[in-house]
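Biologist: Could you take me through one part of this model in close detail, namely how its helices pack, and set that part in the context of the whole chain?

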Amino acid sequence: MGKLDGQTVIVTGASRGIGAEIARVLAAEGGRVVCAARTLHEGDHPLEGSLEHTVAGIRDAGHEASAVAVNISEADECERLVQEARSLYGPVDVLVNNAALSYFLPVTDYAVNRWMRSWAVNVHAPFILSRLALEDMVPRRSGRIVNISSVAAIGPGHGPYEGEGARAGAREEEYRLKGGTGYGAQKAALERFSQGLASEVYADGVGVAAVAPSLIVPTPGTVFHNLVTGYDDPRGEHPNVLAQAVLLLATEPLDAVSGRVCYSQQLLREFGWIEGGSGPGIDDDHPVSGFTLR
């Protein structure tokens, strides 16, 4: 018996990296996973990874998944994704808003069209998809929405500042996201949205939470942006760690997880899924988001 047997699951950004790993983990627990992203075929995108690769791996392992190529920066495409999920597997039980569009640029160099598009993917799409999924969840008084955040949501604090994008005494991983003002603002908004929505739908039996990787995850995207030195960067966190945290938030009792804004290793250690760990919520010298407070 899997923790998600027979449940309809949508995972956005499932063509590579964290999203692909989340899709694999949730499918292995019996979820019927709709893998959504723009890249359907290998080679359609400059970065390695595709929906066909993710889905083939899940099916080869004996689990169930389908691909839906979609551009969630557009509202009608979000609607199409949810409708296709319903047609494939039935009403939505779990929604994982993982897809992200990142341009690590200082505000002075940030083109307005890129700014608007990144907000559409990173903030507006989670709102639209959540609203649509709640049409299935609220009447059945069950369901989970998990939003993927980032340590970038933690601001640099007040000045004076030392170095380019750094804070006096800051840990190295806090300011590796140079040019991350836009991305950090979007993830901070997503955390506030997650906790606010959680309070709105708690009485309806629906859980909402946000989780960030405790450490930067080596993926095709983070390698491309030079946020890690490579897939074997010792400072990084394997994608499976965050995927397990998503599974926990999708399956543990509502009272224990709804409204959480947390970090992967912190959460897994708290529930006894791992021992040890590092990062926000564990290391005393590593700041956490204000929304982690319950």
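Modeller: A crossing of two helices is called right-handed if the near helix is turned clockwise from the far one by less than a right angle, and left-handed if it is turned anticlockwise. With that convention in hand, and bearing in mind that this is a predicted model, I would start at helix H1, residues 17–28, whose crossing with H7 is right-handed. H1 and H7, the latter spanning residues 239–251, have their axes 8 Å apart and pack at an angle of about 50 degrees, and that angle makes H1 oblique to H7. On the H1 side the contact is made by Ile18, Glu21, Ile22, Val25 and Leu26, while H7 contributes Pro239, Asn240, Leu242, Ala243, Gln244, Val246 and Leu247. Sorted by class, the residues of this contact are 9 nonpolar, 2 polar and 1 charged.

H1 also takes part in covering another helix, since the elements over the buried residues of H2 include H1, strand E2 (32–37) and strand E3 (65–69). H2 itself runs over residues 51–60, and its buried residues are Leu51, Thr54, Val55 and Ile58. Viewed down the axis of H2, these buried residues fall within an arc of 90 degrees, so they line one face of the helix. The general background is that an α-helix has 3.6 residues a turn, so residues three or four places apart point the same way. On the other side of H2, by contrast, His53 and Asp60 are exposed. After H2 comes Gly62, which has a positive phi, near 90 degrees.

A second helix pair offers a useful comparison, namely H4 (residues 112–140) and H5 (residues 181–201), whose axes come within 10 Å and cross at roughly 15 degrees. An angle under 35 degrees counts as roughly parallel, and H4 and H5 are therefore roughly parallel to each other; their crossing, too, is right-handed. Among the residues that meet here are Trp115, Trp119, Phe127 and Leu134 in H4 and Tyr183, Leu190, Phe193 and Leu197 in H5. The residues of the contact of H4 with H5 divide into 13 nonpolar, 5 polar and no charged.

As for the setting of these helices, the protein has 9 helices and 7 strands, and 54% of its 294 residues count as buried. Of the contacts in the protein with a separation of 6 or more, 69% are accounted for by residues 24 or more positions apart.

Terms used:
Residues numbered from 1 in each chain as written. Predicted model: local features only at pLDDT ≥ 70, side-chain atom pairs only at ≥ 80, totals over all residues. Heavy atoms only, no water. Axes fitted to C-alpha atoms, helices over the stretch in contact; angles between N-to-C directions. Helix = DSSP H or I, 4+ residues; strand = E, 2+ residues; numbered from the N terminus. Parallel < 35°, antiparallel > 145°, perpendicular 65-115°, else oblique. Contact = heavy atoms within 4.5 Å. Nonpolar A, V, L, I, M, F, W, Y, C, P; charged D, E, K, R; others polar. Buried < 20%, exposed > 50% of the residue type's maximum accessible area, 1.4 Å probe, protein only. Arc of directions from axis to C-beta.
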